[in-house]
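Thank you all for making the time this morning. I would like to take you through one model, going from place to place, and I will try to keep to what its coordinates show.

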Amino acid sequence: MTIQWYPGHMAKAKRQMIEKMKQIDVVIELADSRIPVSSRNPLVQEIAGEKPRLLILNKIDMADRRATYQWQSYFHERGLAVHLVNSRTGQGASSIPEVVHRLTRERRKKLEEKGFRAHADRALILGIPNVGKSTLINRLAGKKIAKIGDRPGVTTAQQWIKVGKTMELLDTPGILWPKFDSPEIGLRLAATGAIKETLMDYQEVAVFLLKIMLRHYRDQLAARYDLDTLPELSGDPEDHEKIVRLFDEIGKNRGCLMSGGRIDYDRTAETIVRDYRSLKLGGLTLEWPSIEHSSGSM
Ligand code: G4P
């Protein structure tokens, strides 16, 4: 699924996307609603330059609705157009041309003042692997377009797809690389499936998910794994012991045992991560608007 990104790939992808911008009126940036900041690559701003941008928070069905609304306000307050979508069902997708059309008003006005008639709004979808770019393009195209695979940049053979009366969309997305600015970001990307399975340590990701659930989603955690009591984390070294005991209990309750009845930690960890990804724990958001996100580029 995910390609390996090397400096050469990145430079080439960036060049291709900047070149592509000459044909583009609006950049649609796709992010994962569960990790609206960690699933973005700040390079979008540089690639888009002065072109209007629309941030789409996709997979809203997989996120915590309350958190998604907080994120929507957060981006909105910072002057970034934001739209919520579930590309799998199409929720929010049909109004994308209308939202995009609002963003091109200035461009159209300028052209009309010069006596020209503006062409349709030409849009490109950009985003890191696995955020749902192909799913959204297929949804907007109303048919299945060929899956290009995660090759860097924008691949060459491409066509414009007419979407509604006012929008034309490139049928191949721009593929950006995930940014690993901190271990936390890496864990969020791993938990949501944005990075290769072979590159991640399931136990580390499962511990990360358990800590988030212990803080924000206690009921879902207790219900899924039949847990009568849950530990309170305090930020002390004892937290480690508490997490190990929780792992033991989950492993036992889910039957992740090795011969002799010992808990199979690898299987327990995989179970937790897979349960998260397949929504068995419910829609859980893994980051929230906070001080840590209050600075930096939009
Ligand atoms: P990409 O082009 O950005 O790499 O992502 P892609 O469309 O391939 O989507 C990655 C996975 O995310 C796919 O699941 C896709 O179905 C799923 N997905 C995309 N948008 C949404 C959404 O809004 N909600 C939910 N729940 N899932 C979404 P997959 O299991 O990898 O593939 P498939 O079995 O669905 O084909």
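Let me begin with a question: in which helix is the place of Arg 188? The answer is helix H7, which covers residues 183-192, and before I go further I should say that what you see is a predicted model. Arg 188 counts as buried, because its relative accessibility is 4% and the cut-off for that class is under 20%. The side chain of Arg 188 has two polar contacts that I want to point out, one with the side chain of Ser 38, at 3.0 Å, and one with the side chain of Glu 287, also given as 3.0 Å. If you look at the backbone here, you will find that the C-alpha atoms of Arg 188 and Ile 35 are separated by 6.9 Å, although these positions lie 153 residues apart in the count along the chain.

Staying with the partner of that second contact, Glu 287 belongs to the segment that follows helix H11, residues 265-277. Is Glu 287 buried or exposed? With a relative accessible area of 2%, Glu 287 is buried, and its side chain is the one that meets the side chain of Arg 188 in the polar contact of 3.0 Å.

Let me now turn to the ligand. The shell around the ligand consists of 16 residues, and the closest of them are Asp 61, Ser 87, Lys 133, Ser 134 and Thr 135. Taken by class, this shell is made of 7 polar, 6 charged and 3 nonpolar residues. Which helix gives the most to the shell? That is helix H6, residues 133-141, which supplies 3 residues.

As for individual atom pairs, a polar side-chain atom of Asp 61 is 2.7 Å from a nitrogen atom of the ligand, whereas for Ser 87 a polar backbone atom is involved, 2.8 Å from an oxygen atom of the ligand. Lys 59 also takes part, with a polar side-chain atom 3.1 Å from an oxygen atom of the ligand. On its own the ligand has 710 Å² of accessible area, and the protein covers 69% of that.

Lys 59 deserves a second look for its backbone. This residue is placed in the loop between strand E2, residues 53-58, and H3, and it counts as buried, because its relative accessibility is 15%. The phi of Lys 59 is near 60°, a positive value in a residue other than glycine. As a reminder, most residues other than glycine have a negative phi. Asn 130 is another case of a positive phi in a residue that is not a glycine, here of about 75°. The place of Asn 130 is in the loop between strand E4, residues 121-127, and H6, and with a relative accessible area of 29% this residue is partly exposed.

Next, the aromatic side chains, where the count of ring pairs comes to 5. How far apart are the ring centres of Trp 71 and Phe 75? They are 5.6 Å apart, and the pair is stacked because the planes of the two rings are at 25°, which falls under the limit of 30 degrees. Trp 71 and Phe 75 are separated by about one helical turn, since they are 4 residues apart in helix H3, residues 65-77. Trp 71 counts as buried at 0% relative accessibility, and Phe 75, with a relative accessible area of 0%, is buried too. Ring pairs also bring in Tyr 74, so that Trp 71, Tyr 74 and Phe 75 are linked into a cluster.

Finally, the overall layout. The domain assignment of the protein chain gives domain 1 as 8-179 and domain 2 as 201-277, and the C-alpha centres of these two domains lie 37 Å apart. His 83, in strand E3, residues 81-84, is buried, with a relative accessible area of 13%, and its C-alpha atom is separated by 31 Å from that of Arg 224, which is 141 residues away along the chain. Ile 250, in helix H10, residues 238-253, is buried, with a relative accessible area of 0%. From C-alpha to C-alpha, Ile 250 and Ser 278 are 17 Å apart in space, and in sequence they are 28 residues apart.

Notes
Residues are numbered from 1 along each chain as its sequence is written. This is a predicted model: local features need pLDDT of at least 70, side-chain atom pairs count only at pLDDT 80 or more; totals for chains, interfaces and linings use all residues. Side-chain values use heavy atoms; hydrogens and water are left out. A residue is near a molecule or strand if one of its heavy atoms lies within 4 Å of it. A polar contact is a pair of N or O atoms within 3.5 Å; within protein, one must be able to donate a hydrogen and the other to accept it, and residues adjacent in sequence count only if both atoms are side-chain atoms. Accessible areas come from the Shrake-Rupley method with a 1.4 Å probe; for residues, only the protein chains shown count as cover. Helices (H or I, at least four residues) and strands (E, at least two) are DSSP runs, numbered from the N terminus. Ala, Val, Leu, Ile, Met, Phe, Trp, Tyr, Cys and Pro count as nonpolar, Asp, Glu, Lys and Arg as charged, and the others, Gly among them, as polar. Domain bounds come from an automatic or database domain assignment. Rings of Phe, Tyr and Trp (its six-membered ring) pair if their centres lie within 6.5 Å; planes under 30 degrees apart count as stacked, over 60 as edge-to-face and the rest as tilted. Buried means under 20% relative accessible area, exposed over 50%, partly exposed in between (1.4 Å probe, protein chains only).
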